[in-house]
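Please look over the structure below before reading on. The notes that follow take one place at a time.

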Amino acid sequence: LGEVTISLDVLVEVDRTINIDGKEFDVKGNRWTRIHVTKEFNEENTTKRLRVRIPFSRKHTRDTKIGTKLIESISTNINTLYYRNLKVERGNVVSEWTLTPEELEQYVNRLSTEFKQLADSISLVARRNELTGRFEVTPESIVAAINSTDGVGRVKTVGVTINENGLIVENGAVIIRDAFNTAIITSNGLKVMYSFSSGGQYEGWQMVGICGLGFPYTASYEASIPVQIPEKLIIEKATLYAHCAPAYLTGYSIVDPDVPDGLYYPRNLALYVRDFDGAVFDYPMESSYGVWYGSGGTEITNQVWGGRWSPTGAGVKTRIGNVINYLTPGQRTVFVVQSVDSPTYSNRMRFGIMKFDLVIEGFLRG
């Protein structure tokens, strides 16, 4: 016979080295691995075996044949070794286990399958499986089987391509959900959330309302938050949080009895949308100064807040509103809060501080 290769699949429960006739293989645990050994078989050690008489007991003997074994020894340092699919083939090149020609012919006879070559595809028609009695393999039967499983699986016609560039799905036909069943990737893009916070000269806060204490004049102060929305963002939700904290006045009653110690909030606050590009640093002589986006603009108080706001009580008060209708992807927007009251001597203490948070949820396109 000459050179012959013997191969088989082996499996161990943990990583081990397996020795087959002096040849070692490193095998990973719980994984079928094919190992092999090549040796010489000749006429003397195969067809012409020796027959030897050996004792079977004190009174009986039996014949045994001595020849070359396919595998002399296979071992590893673990209690259990599983093996399957032994294969013997001429030469020194090992190949995967397959059915013998006789077994393959018998298997093919069980199924009758017809292929039709069309202009742009291959049509597959399956015949009855003689073992199970079922028709199999037709595309219609595959769809029907999936649709009738547990009510979850569904097959739809989509443009899906797998190539060297990865998985390509046309028209955004993939939906990926997180552990909370929220769709984070859809045909609209990737689910994202943006959060904008305003700044200001008072530890991140801005003065708002009417103030005339300690100054030779009384002026109206406004608070603002400028934002720019990414161009490729599909906005699904936009929530503006306006936080207002009171001014804590002490000691003014000594010179101004009309201003007792205590907390004071601004009154009649209104919300506007104004022009970002019209911003200036307004710095008049002997008057208030600060960033100014011009007067007027579009008042959206009723649409967002349901009416003008006069905070009361103590501590930070927050007004929440939906501003999705006033944001445009790729453009800059400024939200401004200002008291609609005119600055007078009587309301010179109606001021406080304000800051904003704008939270936007949506899908970012590629």
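1. Leucine 190 counts as partly exposed, at 44% relative accessibility. The cut-offs are these: buried is under 20% relative accessible area, exposed is over 50%, and partly exposed is in between, with a 1.4 Å probe and protein chains only. Leucine 190 sits in strand 15 (residues 189-197). Helices (H or I, at least four residues) and strands (E, at least two) are DSSP runs, numbered from the N terminus.

2. The model is predicted: local features need pLDDT of at least 70, side-chain atom pairs count only at pLDDT 80 or more, and totals for chains, interfaces and linings use all residues. Residues are numbered from 1 along each chain as its sequence is written, and side-chain values use heavy atoms, with hydrogens and water left out.

3. Which residues form a nonpolar patch on the surface with Leu190? They are Val174, Ile176 and Ile185. Together the four have about 280 Å² of accessible area. Areas come from the Shrake-Rupley method with a 1.4 Å probe; for residues, only the protein chains shown count as cover. A patch takes residues with over 30% relative accessible area and no salt bridge, joining like charges within 9 Å and nonpolar side chains (Val, Leu, Ile, Met, Phe, Trp, Tyr) within 5 Å. A salt bridge is a side-chain nitrogen of Lys or Arg within 4 Å of a carboxyl oxygen of Asp or Glu.

4. Now the whole chain. Its secondary structure comes to 3 helices and 26 strands. Of its 366 residues, 28% are buried. The accessible surface is about 23900 Å², and carbon and sulfur atoms hold 51% of that. Take the contacts between residues at least 6 apart in sequence: 65% of them join residues at least 24 apart. Contact means heavy atoms within 4.5 Å.

5. One open sheet has 3 strands in the order 3-2-7, with antiparallel pairing. Strand 3 and strand 7 (74-75) are its edges, since each pairs on one side only. Two strands pair if DSSP finds at least two bridges between them. Strand 2 and strand 3 are joined antiparallel over 5 bridges. Threonine 17 stands opposite aspartate 26 in strand 3.

6. Two loop residues deserve a look for their backbone angles. Most residues other than glycine have a negative phi. Aspartate 21 has a positive phi, near 50 degrees. It lies in the loop between strand 2 (16-20) and strand 3 (23-27). It is partly exposed, at 24% relative accessible area. Asparagine 30 also has a positive phi, of about 55 degrees. Its loop runs between strand 3 and strand 4 (33-41). Asparagine 30 is exposed, with a relative accessible area of 58%.

7. Why is strand 25 (residues 332-339) described as largely enclosed by the rest of the structure? Because 7 of its 8 residues are buried. Strand 17 (residues 219-228) runs antiparallel to strand 25, joined by 7 bridges. Serine 224 stands opposite valine 336 there. Strand 20 also pairs with strand 25 in the antiparallel sense, over 6 bridges. In that strand, leucine 269 faces serine 339 of strand 25.

8. Just before strand 25, check glutamine 331. It lies in the loop between strand 24 (317-322) and strand 25. It is partly exposed, at 45% relative accessibility. Beyond its neighbours within four places in sequence, it contacts Val227, Gln228 and Ile229. Phenylalanine 276 is 55 residues away in sequence, yet the C-alpha to C-alpha distance is 9.6 Å.

9. Is arginine 274 buried or exposed? It is buried, with a relative accessible area of 7%. It belongs to strand 20 (residues 269-274). Its side chain makes a polar contact of 3.2 Å with the side chain of glutamine 338. A polar contact is a pair of N or O atoms within 3.5 Å; within protein, one must be able to donate a hydrogen and the other to accept it, and residues adjacent in sequence count only if both atoms are side-chain atoms. Leaving aside neighbours within four places, arginine 274 has contacts that include Glu222, Tyr293, Val334 and Val336.

10. Finish with threonine 301, in helix 3 (residues 301-305). It is buried, at 1% relative accessible area. A polar atom of its side chain lies 2.9 Å from the backbone nitrogen of leucine 271. Not counting residues up to four places away, threonine 301 touches Leu269, Ala270, Leu271, Gly306, Gly307 and Arg308.
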